[in-house]
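Trainee: Could you take me through one chain of this model with some care, paying attention to its fold, its packing and the side it turns to its neighbour? I would like one connected account rather than a list.

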Amino acid sequence: MKFDEQQLKAVKEFLYKIADDQLIIGHRNSEWTGLGPILEEDIAFSSIAQDKLGQSMHIYEILYSLGEKDPDTIAFTREAKDFKCSHFVEYMIGEYDFSLMRNFLFSHSELIRFEMLAESSLEPLANLAKKYKGEIKYHVMHSDLWVKQLGKANEESHARMQSALNECFNLALGIFEESEFAEDLKEMKIFDGEKFLRDKWLEQIMPVLEKASLETPPQSNWSPVYGGRKGEHTEYLQPLLDEMGAVFRLDPKAEW
Amino acid sequence: MYGTTFVDKNKPVKNILEGEDPEKLAEFEARITRGEKIEPKDWMPREYRRQLIRMIEQHAHSEIIGALPEGTWITRAPGFRRKLALMAKVQDEVGHGQLLYSAAETLGKSREAMINDLINGKSKYSNVFNYPAMTWGDTAIIAWLIDAGAIINQVTNAKGSYGPYCRALERICSEESFHLKYGHDNVVYLATGTPKQRELVQDALNRWWTPIMHFHGPPDKISAHTEILMKWKVKMASNDDMRQQFLNEYVPKIWDLGLTIPDPKLRKNEETGKWEYTEPDWDEFKRVINGEGPCNKERLQVRRWAEERGAWVRRALKKAEQKYSIPLA
Amino acid sequence: MKSFDPRVNRMELPSNDDGKEVLESEENWETYEVFHQKKRGDQHIHVGIVHAANPEMALILAKESFGRRRQTANIWVVKSSLVYPTDYENQDMFETTPEKTYREASDYYCMDRIRKYQKEHGISDRKDERRKNKEAEEK
């Protein structure tokens, strides 16, 4: 595919946004390895984190083929202002209710996003979307199970999951911050837009939340947390990146 | 430490077998001598059950605690490949813990009881994890040489008599081959990399050499008790034998990279075929295993933190009608 | 006290010196036996157990406990309490099984009988014929 300057900008921004979200949430989720609530779930959660990291790496590889730096350099040396991830994925892991709820809301958005991308004219991305369908499907199955079961198990678990949903919802809406290049992406038949994705996402999560006896805030109270896509981030991102790059940056030219 | 048996030198052999049905005991021992496995519901002497629970449980705890010093470096691993591999390795350790607890559960001790005993200090785990992984170089040394030591233990114990433990060990051994390769690869890249990287791994090796020499446990004195455990194929080899095997396989590989080992006496006696070395400080080993190591307190505090944080999840989904179950195999 | 583990430095560690038992009984739920099928067409093989609160959870967890490092097409889970085993005490009921060689292909051999009959009735042996023809061709 050949791109003019504006189109190339649009494509790169789009890819960075997706991969950055995956990298950061994968990194966050990896913090639970060895510390989960029960051994078997610890193992499952770690796989989900590895999946997201792997997916981000493959998208950075597409960026590399478009003239950006190699995936390790992209992931391990950029400063916070150069990241395009949403605020949602930057937040600390908190308690397991927060991490589960974050995964639930994020995985559903990934499921739909990649369903849309399977038809994308950007062939390498469409291929990845088809390849990752199964992985993402499992992430949704996993999240749905925990949200539904904990939402209804007892008073404490219900209260925690509701509180986590309250904390997460506006942050999750921030995933769908529209790009200034939305029209370009649509014209190029690469992606039909965040608005379309968000509508489908709401359609998909509502029935599950209902089964879990959980309520989203009334629409009048919705206040999406934007800024991440434009490089404005929370106070959590830079320390995360400093930690992530701690060894790599000792010598970025070294082979580890 | 894990995969090793505990012998109470003060308890006479007579007491250990006291009250055991001599006919059943003879049948049990004949089965083992024939090379057959003992399965969970088989008759077994009290001491056999006791030693196995202790051994398998400690092995399980070692995996779970071992996940901590290595897990700390996941968020700082350099580059995608190392990050993903380290995550998968630590995940495997948690998985191995799960497999081993399951084997111990077949003998009648619940996972909850085992975890409680770990946290309150009643059960032990491999001493080597009471030391901190201070640098990335440490993780490379641990992943290569500690896993190497563990594999030698595991391959030896996989020939033991208790079915569930053997099956768990087989599964574990097949996954460990990646750990060893990953660890070695890591050490090689550091040792053959920039001067700073080389310094990193040499420094780590210097600091970890004593714990590595401690890994297979103190030289065991053969007593009547150890003889019984060997007859029952609970103890499969002496600690010194396994240490010799480790040195024989891995010291040459360390020297291949031009790395030095902080023991001037270390050499293979070509006549006897045995490795000679400075006897490591077994008093230090004793002090550390009894709680005075740099990380003992922290390790158990972290386990307690994790279990307490997860309690709401477990308790919310515990049903009134659920019944305690023992795994079949 | 600062730890070498940045994760630990973000935790508020409990003192852990009260000797309290942290886990209550049966907090780790019940066990489910897991059966793993490598490829379509293969048997499901018993691979171990997972602790889970219910069957749906057991499947989700078994996928990663037993399917993450090996090729997998399908997984079954069964509550341990629902598996009915035979008694090892009765292992002897299987003892004479290998002796019943009349059920083994290897127990059947009658070439000698065929050759004897062929010799007595002048029936040519096909193997011999082929050998003679081959030798003739080679000359």
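Mentor: Let me begin with the term on which the burial figure rests: a residue is buried if 20 or more other C-beta atoms lie within 10 Å of its own, exposed if 12 or fewer, and partly exposed in between, with the C-beta atoms placed from the backbone. On that criterion, 50% of the 329 residues of chain B count as buried. Please keep in mind throughout that this is a predicted model.

Chain B is made up of 12 helices and two strands, and, read from the N terminus, its elements follow the order α-α-α-α-α-α-α-α-α-α-β-β-α-α, with the two strands placed after ten helices and before the final two. For the overall dimensions, the C-alpha atoms of chain B occupy a box of roughly 65 × 60 × 35 Å along the principal axes. The radius of gyration of chain B is 21 Å, which agrees with the value near 20 Å that a compact globule of 329 residues would have. The contacts within chain B add to this picture, since among those between residues at least 6 apart in sequence, 78% join residues at least 24 apart.

Turning to the neighbouring chain, 35 residues of chain B are in contact with 42 residues of chain A. On the side of chain B that touches chain A, at least two residues each are supplied by helix H3 (46-71), helix H4 (80-105), helix H8 (195-214) and helix H12 (296-317) of chain B. The largest share of that side, 12 residues, comes from H4(B). By residue character, the side of chain B that touches chain A divides into 18 nonpolar, 11 polar and six charged residues.

Helix H4(B) comes up again when one looks at the interior. The largest nonpolar core has 178 residues, and those touching the most other members are A:Met101, B:Leu52, B:Ile56, B:Ala104, B:Ala140, B:Ile141 and B:Val201. The largest share of this core, 13 residues, comes from H4(B). To follow one of these residues outward, B:Leu52 touches B:Leu107, B:Tyr162, B:Tyr165 and B:Val234, when residues up to four places away in sequence are left aside.

One backbone detail in chain B also deserves a careful look. Most residues other than glycine have a negative phi. B:Lys233, however, has a positive phi of about 55° although it is not a glycine, and B:Lys233 lies in the loop between helix H9 (224-231) and helix H10 (239-256) of chain B. B:Lys233 counts as buried because 20 other C-beta atoms lie within 10 Å.

For a counterpart outside chain B, consider C:Glu26, a residue other than glycine whose phi is likewise positive, near 60°, and which is found in the loop between helix H1 (6-9) and strand S1 (30-37) of chain C. With 19 C-beta neighbours inside 10 Å, C:Glu26 counts as partly exposed, because the buried class begins at 20. The strand that follows this loop, S1(C), is mostly covered, with six of its eight residues buried. S1(C) pairs in the antiparallel sense with strand S2 (residues 44-52) of chain C over eight bridges, and C:His36 stands opposite C:Ile45 in S2(C). S1(C) also runs antiparallel to strand S3 (residues 74-79) of chain C, to which six bridges join it.

Notes: Residues numbered from 1 in each chain as written. Chains lettered and ligands numbered in written order. Predicted model: local features only at pLDDT ≥ 70, side-chain atom pairs only at ≥ 80, totals over all residues. Helix = DSSP H or I, 4+ residues; strand = E, 2+ residues; numbered from the N terminus. Rg over C-alpha atoms; globule rule 2.2 N^0.38 Å. Contact = placed C-beta atoms within 7 Å. Nonpolar A, V, L, I, M, F, W, Y, C, P; charged D, E, K, R; others polar. Core = buried A, V, L, I, M, F, W, Y, C linked by C-beta atoms within 7 Å. Pairing = 2+ DSSP bridges.
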